[in-house]
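Let's take a walk through this structure together. Open it up, keep the sequence handy, and we'll go stop by stop.

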Amino acid sequence: MTPTKLVFKNIVRRRGRFVFTLLGIVIGMASFVTFVALGGSLTAQIKKESAALGANLVVTPKGSCAFEQVSILTGEQLPTTITAEEVTAIRAIPGMTAIPFLAERSAIQNRPVSVLGVPTGESLPFKGWRVADGRYFEAPDEHGALLGSVVAGQFALQPGAEVTIRGTQLPVLGVLEETGGKDDLTVFLPLPVAQTLYDQKDRVSYVAVRVDRLEEVDAYALKIKEVVSLGVVSDKQMLASVLSIVGTVSVTLQLIAAVAVLAAAFGIVNTMMTATYERKREIGILQAMGATRGTIFRLFLLESGIYGLLGGIGGAALGLVASMLATPLISQNAASSFVKGAQGGVDPLMLAGAVLFSTLIAMLSGLYPAWRASRLSPVEAISYE
């Protein structure tokens, strides 16, 4: 009998113990893979949304914190304290394009949606949108709505249909092409119409600024602060701020998952130590047949590694499924709604790394039991009953 066959025979000898030990590894690794997969997809989507914003600077209400910066990228409702006079003062600064937006929330068929008031003439070239069906706004204050592709599909809305926002029925003018970001989940209204519906006359949530000379972004930020008493953050600063929040959350979740992996490792130690005591006579017979201490050591270490390999494969598969199922459940929160556009992010290297990590942890857990098994004397082992 080859060493590999002997190892597999010993593993399945106690099927109940084998199953429960393996389940511990699978659950621990599945938790780890789930959180790593969601964290990776979240980071990629944040970078994508930051690029899709199309702005080098973002002007926010004075005293805004990182949560407001997250909300800008996710399309959540924001405070509306920036006045028309402040927008005019910002736009008067030469060498840059400033676009004001009003970010609000509403509901369609009792399901929440993002609503964004936009200056119709400037937003199309600024955002780079393309209309897939119907038409774009023809007037700055046209009574109508433009839908993101996901919203239109989710509620089966086509051009010519009507959508109710704040108790007012608006005709659907068109549907945008898919962008892969939060714009797909948004209802767009002309800025004056949105301000009227939400009782925010001459007020907006934030101003997106694109400068002509990228090397002078900091100088433009100082100019804006000189003319208005508002917060100004660059796209890089906002991206770093949001990523730091997400990174902290991801590390915390991964540490929680690491506890489960550690518990599974101790399960392997317990299983292998029990196997060492149960198989003393078998070890003695192997030694009598010429097996060296190194051979015994490698057999037990290989057994631990197989636990880790099988558990890693099962955990990677279960974690991948869990991350896909968890996506729609966590995407309603502002801090995690990026995940709505990041469901397809599967990194094969991450999955392979998880399996390798599981195998390595299992083999490390099996070192002491393997050493104990190899240190048994032939006389003691054979005489064991």
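## Two helices to start with

Keep in mind that this is a predicted model. Our tour begins at helix 12 (residues 348-365) and helix 13 (residues 367-374), which pack at an angle of about 40° with their axes 4 Å apart. Because of that angle, helix 12 counts as oblique to helix 13. Where do the two helices meet? On the helix 12 side you'll find Met363, Leu364 and Ser365, and they meet Leu367, Tyr368 and Pro369 of helix 13. Sorted by class, this contact has 5 nonpolar residues and 1 polar one, with no charged residues.

Now zoom out for a moment. The protein chain holds 14 helices and 12 strands. How much of the chain is buried? Of its 385 residues, 49% count as buried. The accessible surface comes to about 18,300 Å², and carbon and sulfur atoms make up 62% of that. Here's another way to look at the fold: take the contacts in the chain with a separation of 6 or more, and 81% of them are between residues 24 or more positions apart.

Next, head for Ser205, which sits in the loop between strand 10 (203-204) and strand 11 (206-211). Is Ser205 buried or exposed? Its relative accessibility is 1%, and anything under 20% counts as buried, so Ser205 is buried. Look at what it touches: leaving out residues up to four places away in sequence, the list runs Pro61, Leu78, Pro79, Thr80, Ile82, Phe101, Leu102 and Ala103. With Ala103 there's a particular detail to spot, since a polar atom of the Ser205 side chain lies 2.9 Å from the backbone nitrogen of Ala103.

Thr80, one of the residues that Ser205 touches, makes a good next stop. You'll find Thr80 in the loop between helix 3 (66-74) and strand 2 (82-83). Thr80 counts as buried because its relative accessibility is 12%. Which side chain does the side chain of Thr80 make a polar contact with? That would be the side chain of Gln200, at 2.7 Å. Setting aside neighbours within four places in sequence, Thr80 is also in contact with residues including Leu102, Glu104, Arg203 and Val204.

Let's move on to a couple of loop residues with a backbone quirk. Asp199 lies in the loop between helix 7 (191-197) and strand 10. Although Asp199 isn't a glycine, it has a positive phi of about 55°. Its relative accessible area is 62%, so Asp199 is exposed. Gln109 also has a positive phi, near 55°, and is a residue other than glycine. Look for Gln109 in the loop between strand 3 (96-108) and strand 4 (111-118). At 58% relative accessibility, Gln109 counts as exposed.

We'll finish at Gln169, in strand 8 (residues 168-176). Gln169 counts as partly exposed because its relative accessibility is 48%. Which residues does Gln169 contact, leaving aside its neighbours within four places in sequence? They are His143, Glu162, Val163 and Thr164. Take a look at His143 in particular: His143 and Gln169 are 26 residues apart along the chain, and their C-alpha atoms are separated by 9.4 Å.

Conventions: Residues numbered from 1 in each chain as written. Predicted model: local features only at pLDDT ≥ 70, side-chain atom pairs only at ≥ 80, totals over all residues. Heavy atoms only, no water. Axes fitted to C-alpha atoms, helices over the stretch in contact; angles between N-to-C directions. Parallel < 35°, antiparallel > 145°, perpendicular 65-115°, else oblique. Contact = heavy atoms within 4.5 Å. Nonpolar A, V, L, I, M, F, W, Y, C, P; charged D, E, K, R; others polar. Buried < 20%, exposed > 50% of the residue type's maximum accessible area, 1.4 Å probe, protein only. Areas by Shrake-Rupley, 256 points an atom, 1.4 Å probe, with all protein chains shown as cover. Polar contact = N/O pair within 3.5 Å; in protein donor to acceptor, adjacent residues only side chain to side chain.
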